Amino acid sequence: MESLNVISSASTAKPRFSFQQFLKKSTFFRPVTQTLMPRHTTNWKISTPILKAQQSELEDGSATVSESIIPEGDALKVKEWEVGMFQNEVAESQGIRIRRRPPSGPPLHYVGPFEFRLQNEGNTPRNILEEIIWQKHVEVSQMKERKPLPTLKKALDNAPPVRDFIRALKAANSRTGLPGLIAEVKKASPSRGVLREDFDPVEIAKAYEKGGAACLSVLTDQKYFQGSFENLEAIRNSGVKCPLLCKEFIIEAWQIYYARAKGADAILLIAGVLPDLDIKYMTKICKLLGLATLVEVHDEKEMDRVLQIDGIELVGINNRDLETFKVDISNTKKLLEGDRGERIRQKGITVVGESGLFTPDDISYVQEAGVKAFTTGTLQIPSNFLSFKKVSSLRGLVIISVTGSCELQYTSSTTLSFEKSRRK
Ligand SMILES: O=C(O)c1ccccc1NCC(=O)[C@H](O)[C@H](O)COP(=O)(O)O
């Protein structure tokens, strides 16, 4: 972008000057009050129609400029993009590495009255989480157009009553002396690919409930997890009683209302994606709607940010680094040690262990660290399950493998018996 030249079409002589020179000359490019707009935006007001120049690149990297009008729809996109860039800056200041929008803006990049087509490597997501977030932004914008918030709010009048997610976890914990199980209804994931081809979400949800899950987590992202809001709705309407977590990548309040309309009792907020203000604001909306909020953290910094927000009752420690996929369950222990752990206990926060918890040993380990609940999406019960030792430490917990090859069943004695799956 720095080397871009601008040719004014207004002049027949087409004088050439550098883009930098142009920036200095142009009144359009004066910096604005930094508190209101991101560094790289300019002080031109978005009002429609906007007089702008259209720029197309020449072979030598320079560009031609011609006057045109920004249609109202595009002006809105520009505004949205500017808000997104502002969010990127706020997020960065809180140590959030995930950018909410591509840094170079939409493919057509407006600067003052000009429009540029940029080929910028910054527009490539740096990791899978960032890719998911950028994709989510596009999806949510489209969904919002189809179902604006007022329509959605009306639909909430007919939504089923909310079930108490946190109470269900606490009850399971005190009943069994084990962390409450949040079993995940998940067909696929970016890190593990397809987990189960013949995926019947309602059948799996019922099996989990029968198997002793306190709550269920339903993946609703379609592109990366092959989930859907239809799955969530179908489970809610199937007679399953467990409270449901809508496992979605929430970036806008609209999604919370949508999740509630589809039968969610709880939603996930990822601290690695959302700045503090978003977490505060979204938690308030959830409280108004009666939903629980599971705020997910991965490192100390995110935990410390979340601990200074009032009213957070449920915090998930993700052992999976969503930027690299590396899983390390000692992460849970690390984040619950020392003063930090003390603060969490004092605040009465229920801690959920997330990811990489496959075996009874794993679960005992995070329980000792202080978790009162855990999520698992891919319990791996090997086909030679008889060699699956130390299962007895999981007394009281009945788990049915989502991969469906076998079943772990708790008996009234202190040992667990194993049976081949009764699934057809
Ligand atoms: O699991 C992934 O590959 C993944 C990638 C990018 C964003 C999120 C991802 N997972 C979401 C989850 O939080 C897990 O589904 C959940 O913690 C259960 O994990 P596991 O028991 O290890 O299947």
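Two strands pair if DSSP finds at least two bridges between them, and the legends below apply that rule to a predicted model.

**View 1. The closing pair of strands, 7 and 16.** Strand 7, residues 180-185, runs parallel to strand 16, residues 373-376, and the two are joined by four bridges. Within this pair, Ile182 has Thr375 of strand 16 as its bridge partner.

**View 2. The barrel of eight strands.** The eight strands close into a barrel with parallel pairing, following the order 7-10-11-12-13-14-15-16. On average, and with direction ignored, neighbouring strands of this sheet are turned by 25° against each other.

**View 3. Helices 5 and 6 against the strands.** Helix 5, residues 165-176, packs on the sheet and touches strands 7, 10, 11, 12, 13, 14, 15 and 16, while its direction makes about 125° with that of strand 7. Helix 6, which spans residues 201-210, lies across strand 7 and strand 10 and runs at about 170° to strand 7.

**View 4. The contact between domain 1 and domain 2.** The protein is divided into domain 1, covering 5-124, and domain 2, covering 146-379. Seven residues of domain 1 are in contact with seven residues of domain 2, and the domain 1 side of this contact consists, by class, of four nonpolar, two polar and one charged residues.

**View 5. The protein as the setting for the close-ups.** The protein contains 13 helices and 19 strands, and 39% of its 424 residues count as buried. Among contacts in the protein with a separation of 6 or more, 61% are accounted for by residues 24 or more positions apart.

Conventions: Residues are numbered from 1 along each chain as its sequence is written. This is a predicted model: local features need pLDDT of at least 70, side-chain atom pairs count only at pLDDT 80 or more; totals for chains, interfaces and linings use all residues. Axes are lines fitted to C-alpha atoms, for helices over the stretch in contact, and angles run from 0 to 180 degrees between N-to-C directions. Two residues are in contact if their C-beta atoms, placed from the backbone, lie within 7 Å. A residue is buried if 20 or more other C-beta atoms lie within 10 Å of its own, exposed if 12 or fewer, and partly exposed in between; C-beta atoms are placed from the backbone. Domain bounds come from an automatic or database domain assignment. Ala, Val, Leu, Ile, Met, Phe, Trp, Tyr, Cys and Pro count as nonpolar, Asp, Glu, Lys and Arg as charged, and the others, Gly among them, as polar.
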